[in-house]
Amino acid sequence: MRFILLILLLAGTAHAMPRNATAWDADAEIPRDYRLRVEFHDTGGKVRVAPGIEIPLAADIRHDIAVEHDEDDEEKIVLRHWTGDDLVRGPESHPGPAPERPVILPENAAFTAWVQPIEATGHAEIIRRWNRESMRHGRTIYERDCRVCHGTLNQPGSLPTALDFAEGEFQNGADPLSMFLTQRDGYGQMVAQPWLTTYEHYAVIQYIRGHFLRRRNPGQLTEIDDAYLDGLPLGKVTAPPEKSMRPVDPYRQMDFGPAMFWTFGIAPDHIARKGIAIRLDPGEGGVSQGRAWMIYDHDTLTLAAATTGDFIDWRNIAFDGSHGTHVRLTGENHLIQPISPGWASPDGSWDDPRPIGRNGVPYGPVPGDWLRYEGLYKHGHDIPVIAATVGGTRVLESPGFIEHEGTPVFTRTLEIGAGDRPLKLRVAPADQYAAIEGDGTLEKSDGFWVATLAPETRTRLLITAGPDTLENLILPPVRDLAAKTQGGPPRWDAEITTTSVTSQADGPFEADTFPLPDNNPWNSWMRPGGFDIAPDGKSAAVATWNGDVWIVEGVKEPAPATLTWRRVATGLFQPLGVRYRDGALYVLCLDQIVRLDDLNGNGEFDFIANFNNDHQLSESFHEFTMGLQTDEDGNFYYAKAARHAQDALFPHHGTLLKVSADGLSTDIIAKGFRAPNGIFRDDDGTLWVTDQEGYWTPKNRINRIRPGKFYGNMQAYTDITDESDDAMEPPVVWITNAKDRSPAELVRVPENLWGPAGGTLLNLSYGTGRVFAVPYEEVNGVFQGAVVELPLPAFETGIMRGRFANDGALYVSGLYAWAANVTAPGGFHRIRHNPEAPAHVPLEVRATPGALTVVLSDPVDAASGISASYRSWQLVRSRRYGSRHHDERKHPVGKTTLCEDHRTLTVEIPDLAPTDSYELLLEFKSTCGKRVERSLHGTIHTLGG
């Protein structure tokens, strides 16, 4: 007797029946719902699928038996049986449940069999029904979800590591099922897309095959025939139709409050880069749900546009995730003014004095002795008030809107403070009609209506299509703007509670989770971009990337504990850094550093004060402002990214910046960064910055900053033309993608905390949700080191910002927004050290001729033996995106010596030499007998003595 078994692995995990056997092993895993194919040779046999259910099968013909649990009654199974291509039995329902594994009962002959899962939808059925409609559906999904990274036939994607379908080679299989599994489950840096239905996945695959592979890349176009389709996962008879799990666009539901700071495209080639959109009509839902708006630019204090109807198109990395886009107004523009000074200079000039970028466009704010935007006052649900100084004279302005007989009338109410001269304001273009109510004069000049306003006056200006519109118009009283600058009633008086959760772990580091108030009345999208512990030590301020600020109380309490969340500000422009200083709360936004002031003590911030808006800002999606730190003198520090795949336009692109304690000046400390995700400042003043792989940045890097130095990105703003590595400051460590695809902020463990790990530099990971130790050394003035994971499970979202608090815990927050391995929208956590459990964290790493020495935080079992392996590779820095590993090889390793302290390991590597990257893998046992593995990825610039 002979048995032949073929196991076909089509849908993930192998479901193995042992060779020469008729049943699965007791510990073998098989699908809960399965399809079994059997062909007996010479004579027939049976298959037992459940107690009392044996199906006789003829010889020399293919049989398919499908067994699935009934969706409506788990105690029943549904059975189907095909002979060849004909369904000869079922679907029929039987009492169940089915046995854990079917049993094949051959009479006396050999057989061939394989098994695979049954899924909710039949894959072959979907492919057989491909048509023009599914092709169009696939194109829609591709344009929405895939185009940004993978590109088009004529335009490369923004993520060069993503496959170019027009000419690339698939790494995880090019057949439809392999492509489906790559999309559904993810592969490498490809993020899983589980929210798509099977039909939607295959619609995208149809589009990729037809649009890219068939036209440009036929070598990757696999054949689809009946034999291939016959082997695809079968669909369940009892399954309900699949529904897309794609969430409703959260940004469309969010209440951003009455005003929103953002970059707004007004018209082609007309952009308010530091825009403030203010809703003018009453109603719920905030600025995005209105029907009339005025958009100011706070660099120039000009009214850039007045619009009605729809708001914006939402295409922006912070909303729909798209790259290379910026938000544009989509309503009807009734007024458009150029982005140039809205008020005349003290000597009467309108000429724009701002520095000119390399593209001929001015960037940054008008000098403060001419114009200075002071901030935005909010008063309950009233229209906000803009505060500014014009030539030293304080000015308040608030816009308004009246719809009179179907025609819009826009208003500008102004209060001019004490001063020594009248001020001149560009009210509107001359092709509009303008009128003045109150003190002052109005005339046409050089294509604009210009108002001349005396000190200590209140005026209302009206802008509409023509004078007839104002006939019979009954105006409300002129608003008292000064009364709206003292603080108003609360806007968001609801408090949301969540309960902290402990990990219940017994390892050296334990994590508590602070659940975010995702279910809130304003549909706020909870993706924390930064936080800080409040001066009271009991609460924290958390800013979300889409513009909220929340105060959460209860974070210091042991979990489980009640957390009380209150929204205290909203409408900010992509805040990615938070810092308390002298009791006041500062938030780093893309357009400015704001100070949030609670003017009447009711717990909400009424004044969004411009502490510093020196930021030079283009419409590039990529130039994030990251992190916010202070020094003992009150100066602030943050990092600004360069543009993606484009040369810098102005000096702030790709820099580390210092803002003076009074907020009146900004200095560049270092240059040459690509996407520095946060900074850290040591007590001795040393600054540390991470950076991300990309053009001119072959891998991720950790940098110890030397003021005035250049850090390698030739597309940052620099006068350096030497492209060699010698012209840049080397990193402390190059980090390869497999280790950490996106490092974020660094933080140092205080010397008196976490036992032997006190003083250790840590790196937080946006890309993997991990926390890394960064042991390093200085050799002849050059810093070099490594990264190694803390023994702590990864969080479900990227971890970007960290603060140690006075309870000895490390608090961390982060989000998912662009490519990462962990994709939960956001998270806020506390990491506690458990001194009872050894951590074996590498605290030091030293490279000397012929050996690497690693000092661990805890002792090793000397008698158990230590194993070590070492490999190295080189990188090539170029104008290409990233770098592959060059000359990667394993090195012979000699003995590993354990010093008397049982914590210091010296690994002999006879041919150890400087290298861009290495991996040192150590395996040993702790003193309690537990096996420990530590993988250090590091860089060696020079060997010490």
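Colleague: What makes β28 and β29 a pair, and in which sense do they run?

Modeller: Two strands pair if DSSP finds at least two bridges between them. Strand β28 (residues 539-544) and β29 have 5 bridges, so they pass that test. The sense is antiparallel. A strand here is a DSSP run of E with at least two residues, and a helix is a run of H or I with at least four, both numbered from the N terminus.

Colleague: What are the ground rules of the model?

Modeller: This is a predicted model, in which local features need pLDDT of at least 70 and side-chain atom pairs count only at pLDDT 80 or more, while totals for chains, interfaces and linings use all residues. Residues are numbered from 1 along each chain as its sequence is written, and side-chain values use heavy atoms, with hydrogens and water left out.

Colleague: Which residue stands opposite S539, and what joins β28 to β29?

Modeller: S539 faces E553 in β29. The two strands form a hairpin with 4 residues between them. In that turn, G547 has a positive phi of about 115°.

Colleague: Why is β29 called largely enclosed?

Modeller: Buried means under 20% relative accessible area, exposed over 50%, and partly exposed in between, with a 1.4 Å probe and protein chains only. In β29 (residues 549-553), 4 of the 5 residues are buried, so the rest of the structure largely encloses the strand. Strand β30 (residues 562-569) also pairs with β29, antiparallel over 5 bridges. There, V552 has W565 as its bridge partner.

Colleague: How do you know that the bond from A559 to P560 is cis?

Modeller: Its omega is about 0°. P560 lies in the loop between β29 and β30. Another cis bond runs from G90 to P91, with omega near 5°. P91 is in strand β6. Most peptide bonds are trans.

Colleague: Which strands stand at the edges of the sheet that contains β6, and why?

Modeller: The sheet is open and mixed, with 6 strands in the order β6-β5-β4-β1-β8-β9. β6 (86-95) and β9 (234-235) each have a single partner strand, so one side of each has no neighbour in the sheet.

Colleague: How many bridges support the pairings of β4 and β5?

Modeller: β1 (residues 34-40) and β4 (residues 63-69) are antiparallel over 5 bridges, with V38 partnered by H63. β4 and β5 have 7 bridges, also antiparallel, and A66 is partnered by R80. A hairpin of 6 residues joins that pair. β5 and β6 have 7 antiparallel bridges, with K76 opposite P95. The β5-β6 hairpin has 2 residues between its strands. G84 in its turn has a positive phi of about 65°.

Colleague: What makes β5 mostly covered?

Modeller: Of the 8 residues in β5 (residues 76-83), 6 are buried.

Colleague: Why is Q574 called buried and D446 exposed?

Modeller: Q574 has 3% relative accessibility, so it counts as buried. D446 has 67%, so it counts as exposed. Phi is positive in each: near 45° for Q574 and about 50° for D446. Neither is a glycine. Most residues other than glycine have a negative phi. Q574 lies in the loop between β30 and β31 (577-581), and D446 in the loop between β21 (441-445) and β22 (448-453).

Colleague: What makes a set of residues a nonpolar core, and which residues have the most contacts inside the largest one?

Modeller: The set must be buried Ala, Val, Leu, Ile, Met, Phe, Trp, Tyr and Cys residues, joined through side-chain atoms within 4.5 Å. The largest such core has 93 residues, and F264 and W343 have the most contacts inside it. Strand β10 (residues 259-267) gives the most to this core, with 6 residues. Another core of 42 residues lies apart from it, with L764 and F924 among them.

Colleague: How do you know that the length of α4 agrees with its residue count?

Modeller: The expected span is 1.5 Å times one less than the number of residues. For the 19 residues of α4 (residues 198-216) that gives 27 Å, and the end C-alpha atoms are 26 Å apart, which agrees. The helix bends by about 35° at R209, where the bend is the angle between axes fitted to the seven residues ending there and the seven starting there. As 14 of its 19 residues are buried, α4 is largely enclosed by the rest of the structure.
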